[in-house]
Amino acid sequence: MTPEFSVAILVGLAAAVEDLWRRRVSNWIPASAFVAGVTCLAIERGWRGALSAIVGAIGGFCVFLVFYWLGGMGGGDVKLMAGLGAVLGMENVIPAALWTAAFGGVIAAMCIATVAVRNWLIREPAKARPVRNIPYAPAIALGSWIALLAKV
């Protein structure tokens, strides 16, 4: 197991648990991922590794920033992808974002189905609740892990 994969597992688990429990991702999680990613890649590949980590963080941030602007994603998710982008490096950010989108679609469909079934069981429109605040950190974690596993 590479140091990058170990960091991605720890950061992904911390972010997923917090997002599922509190529906937010604290700033220390993506900040830790960024520092660990730059450090690991710099030790492994020198200045080119550090540059790859920084470009990966910028790429991860930019990919999800559009969805944040459109209101479909929270700021913590954008920062998490930036932090994990540093761990992934520039060569793995786009595959991770694509895997994340796939897992995110599955999680969103499960949340929508759960709310629809719950609303159908209630059968009272006044008590029915819409789908809000879908936790996206588990999808980001899974997408990052798959992208790193595909590299090995």
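Student: Val-66 is found in helix α3 (residues 47-69); what makes a stretch like this a helix?

Tutor: Helices are DSSP runs of H or I with at least four residues, strands are runs of E with at least two, and both are numbered from the N terminus. Residues 47-69 are assigned as such a run, so they carry the name α3. This is a predicted model, in which local features need pLDDT of at least 70 and side-chain atom pairs count only at pLDDT 80 or more, while totals for chains, interfaces and linings use all residues. Residues are numbered from 1 along each chain as its sequence is written, and side-chain values use heavy atoms, with hydrogens and water left out.

Student: Why does Val-66 count as partly exposed?

Tutor: Buried means under 20% relative accessible area and exposed means over 50%, with partly exposed in between (1.4 Å probe, protein chains only). The value for Val-66 is 40%, which falls between the two limits, so Val-66 is partly exposed.

Student: What makes the surface patch that includes Val-66 a nonpolar one?

Tutor: The patch is formed by Val-66, Phe-67, Tyr-68, Trp-69 and Leu-70, and covers about 600 Å². A patch takes residues with over 30% relative accessible area and no salt bridge, joining like charges within 9 Å and nonpolar side chains (Val, Leu, Ile, Met, Phe, Trp, Tyr) within 5 Å. The five members belong to the residue types on the nonpolar list, so the patch is called nonpolar. The area itself is a Shrake-Rupley value with a 1.4 Å probe, where for residues only the protein chains shown count as cover.

Student: How do you know that Arg-22 and Glu-18 form a salt bridge?

Tutor: A salt bridge requires a side-chain nitrogen of Lys or Arg within 4 Å of a carboxyl oxygen of Asp or Glu. For Arg-22 and Glu-18 the N to O distance is 2.5 Å, which lies within that limit, so the pair qualifies. Both residues sit in helix α1 (residues 3-22), four residues apart, which is about one turn of the helix. Arg-22 is partly exposed at 40%, whereas Glu-18, at 8%, counts as buried.

Student: What makes Glu-44, Arg-45 and Glu-91 a network?

Tutor: Arg-45 takes part in two of the pairs: with Glu-44 the N to O distance is 3.8 Å, and with Glu-91 it is 3.0 Å. The pair of Arg-45 and Glu-91 links distant parts of the chain, since Arg-45 is in helix α2 (residues 28-45) and Glu-91 is in the loop between α4 (75-88) and α5 (93-122), 46 residues apart. The three residues are therefore joined through salt bridges into a network. Each is partly exposed, with relative accessible areas of 45% for Glu-44, 34% for Arg-45 and 36% for Glu-91. In total the structure holds three salt bridges.

Student: How do you know whether the span of α1 is close to the expected one or far from it?

Tutor: The expected span is 1.5 Å times one less than the number of residues in the helix. With 20 residues, α1 is expected to reach 28 Å, and its first and last C-alpha atoms are 28 Å apart, so the span is close to expectation. Its buried residues, among them Phe-5, Val-11 and Glu-18, pack against α2, α4 and α6 (137-151), where contact means heavy atoms within 4.5 Å.

Student: What makes Arg-23 notable after α1?

Tutor: Most residues other than glycine have a negative phi. Arg-23 has a positive phi of about 60° although it is not a glycine, and its place is the loop between α1 and α2. With a relative accessible area of 38%, Arg-23 is partly exposed.

Student: Why is Arg-132 called exposed?

Tutor: Its relative accessible area of 66% is over the limit for that class, so Arg-132 is exposed. Arg-132 lies in the loop between α5 and α6.

Student: How do you know how compact the protein is?

Tutor: The protein has six helices and zero strands. Its radius of gyration is 17 Å, close to the 15 Å that the globule rule gives for 152 residues, so the protein is as compact as a globular protein of that length. The radius is taken over C-alpha atoms, and the rule is 2.2 Å times the number of residues to the power 0.38. Of the 152 residues, 41% count as buried.
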